[in-house]
Amino acid sequence: PTVEAQAIKRAHRIGQKKPVYVETLVLKDTLEDQMFQRRKKMSAQEHHKAEKSLLDDDVMARLIQEADFIPLLEEEKDDVRQQMAPLEFPQRLFGMRSSGAWNGFGNPDKDLVLGDL
């Protein structure tokens, strides 16, 4: 909830006058999904308690602390490019119509910091 609220406040600070809606994309059966489901079930009092940090909620803290992660293979540890799965074709998000490559936003990977490759 904090990230969404921060995004809305930022939009209004830069001059947005109309209502701001934030969409959150969550992959099913992931830690994010578990956290999202927990946030939906939290009472107003629990949300208020976890306003500064989601870790202030005991259930949320346990979800994060007990999360299982897929370990990296040895070759993935040495080469960061092995940890990524680049898209073969650009994908549209949120139903935006593309009027050219990457919908006019340029190469989305140009600012990635990959270290010495």
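**Figure 1. The protein chain holds five helices and zero strands.** This is a predicted model. Reading along the sequence gives the pattern α-α-α-α-α. The protein chain has 117 residues, and 12% of them count as buried. Its exposed surface comes to about 10600 Å², with carbon and sulfur atoms supplying 54% of that area. If you like contact statistics, here is one: among contacts between residues at least 6 apart in sequence, 32% join residues at least 24 apart.

**Figure 2. Helix H2 packs with helix H4.** Two packed helices are described by the angle between their axes and the distance between the axes. Here H2 spans residues 31–41 and H4 spans residues 58–65. The angle is about 175°, and the axes are 10 Å apart. Angles over 145 degrees count as roughly antiparallel, so that is the description that fits H2 and H4. Which residues of H2 meet H4? Leu-31, Gln-34, Met-35, Arg-38 and Arg-39 do so, and their partners in H4 are Val-59, Met-60, Leu-63 and Ile-64. Sorted by class, this contact has six nonpolar residues, one polar residue and two charged residues.

**Figure 3. A closer look at Met-35 in helix H2.** Is Met-35 buried or exposed? Its relative accessible area is 15%, and buried means under 20%, so Met-35 is buried. Leaving aside residues up to four places away in sequence, Met-35 touches Leu-54, Met-60, Leu-63 and Ile-64. Among these neighbours, Met-60, Leu-63 and Ile-64 also belong to the H4 side of the helix pair shown above. Leu-54 is 19 residues from Met-35 in sequence, and the C-alpha to C-alpha distance between the two is 9.2 Å.

**Figure 4. Asp-29 sits in the loop between helix H1 and helix H2.** Helix H1 covers residues 2–13. Most residues other than glycine have a negative phi. Asp-29, which is not a glycine, has a positive phi of about 65°. How accessible is this residue, and what does Asp-29 count as? Its relative accessibility is 65%, and exposed means over 50%, so Asp-29 counts as exposed.

**Figure 5. Glu-74 and Lys-77 are joined through their side chains.** The link is a polar contact of 3.1 Å. Glu-74 lies in helix H5, which runs over residues 74–78. With a relative accessible area of 53%, Glu-74 is exposed.

Conventions
Residues numbered from 1 in each chain as written. Predicted model: local features only at pLDDT ≥ 70, side-chain atom pairs only at ≥ 80, totals over all residues. Heavy atoms only, no water. Axes fitted to C-alpha atoms, helices over the stretch in contact; angles between N-to-C directions. Helix = DSSP H or I, 4+ residues; strand = E, 2+ residues; numbered from the N terminus. Parallel < 35°, antiparallel > 145°, perpendicular 65-115°, else oblique. Contact = heavy atoms within 4.5 Å. Nonpolar A, V, L, I, M, F, W, Y, C, P; charged D, E, K, R; others polar. Buried < 20%, exposed > 50% of the residue type's maximum accessible area, 1.4 Å probe, protein only. Areas by Shrake-Rupley, 256 points an atom, 1.4 Å probe, with all protein chains shown as cover. Polar contact = N/O pair within 3.5 Å; in protein donor to acceptor, adjacent residues only side chain to side chain.
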